[in-house]
Amino acid sequence: MKIIEAKDYKELSRKVANIISAQVILKPNCVLGLATGSTPIGTYKQLIEWYEKGDIDFSKVTSVNLDEYCGLETTNEQSYRYFMNHNLFSHINIDIKNTNVPNGLAADAEAECKRYDQLIEDLGGVDLQILGIGHNGHIGFNEPDSVFEKGTHVVELDETTIKANARFFESIDEVPKKAITMGIRSIMSAKKIILVANGPDKKEIIDKAIYGPITPEVPASVLQLHPNLTVAYCFNA
Ligand code: F6R
């Protein structure tokens, strides 16, 4: 495991963007596993800046996102498809047809989960997976549980996750209660993983996840078993 400690959010974002950028330069047709949430926004901004300068070319890149809420239209500002288009895809030269987010509107959610796992397999797996971490240790929407859920699956969101996400909605009642998420097997099968955490409130869970026992009660703790894990964090306010 490699640890990168940054002095502030800007430096954290630049370092993570550097790693993504190196991946794209070394393998222009790579598969990037992407995350939403507040943590990667600075990274995406930095990548956009370098793209605009001509330093990075996304034309051959394919992306797969970790997760999506169930029941939100892609035009809904809180959907993860909207987030990705708005915060990254529409500002770079990635082919939108090569960007993948689970379809949270699929009539048959179970079939959608199977399709998503097959898609990742057909792509030859993820080269570099970016992860954020929830305060309860979730990665993607893999919430604390008594087992590690394997493939892409439908989840009932944890009460703490619903509360944490309520800040993005007009009221807590509007926060979807279900989501589709890549599972632990899909995440762990990525060739490289970078777990990113920002802010003093993430210190406790990062300590638990990377130094504590490996347990499905702290889903991110499974990452200790990954052969190519980088943890990048800034705990300063
Ligand atoms: C997002 C995702 C979530 C977030 C996590 C941290 O696609 O899968 O696991 O990474 O909730 O969110 P932030 O970055 O907002 O603290």
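Helix 4, which comprises the 14 residues 109-122, should span 20 Å at 1.5 Å a residue, and because its end C-alpha atoms are 20 Å apart, the expected and modelled values agree; the expected span is 1.5 Å times one less than the number of residues. Helices (H or I, at least four residues) and strands (E, at least two) are DSSP runs numbered from the N terminus. The model is a predicted one, in which local features need pLDDT of at least 70, side-chain atom pairs count only at pLDDT 80 or more, and totals for chains, interfaces and linings use all residues. Residues are numbered from 1 along each chain as its sequence is written.

Within helix 4, Glu-112, Cys-113, Tyr-116 and Ile-120 are buried (20 or more other C-beta atoms within 10 Å of the residue's own, against 12 or fewer for an exposed residue, with C-beta atoms placed from the backbone). These residues cover an arc of only 105° around the axis, which puts them on the same side of helix 4, the arc being that of the directions from the helix axis to the C-beta atoms. An α-helix has 3.6 residues a turn, so residues three or four places apart point the same way. The face turned away from the buried side of helix 4 carries the exposed residues Glu-110, Ala-111, Gln-118, Glu-121 and Asp-122. Just after helix 4, Gly-124 takes a positive phi of about 85°.

As for confidence, the chain averages a pLDDT of 96, and 100% of the residues score at least 70, where pLDDT is the predictor's confidence in each residue, from 0 to 100. The model scores ipTM 0.99 and pTM 0.96.
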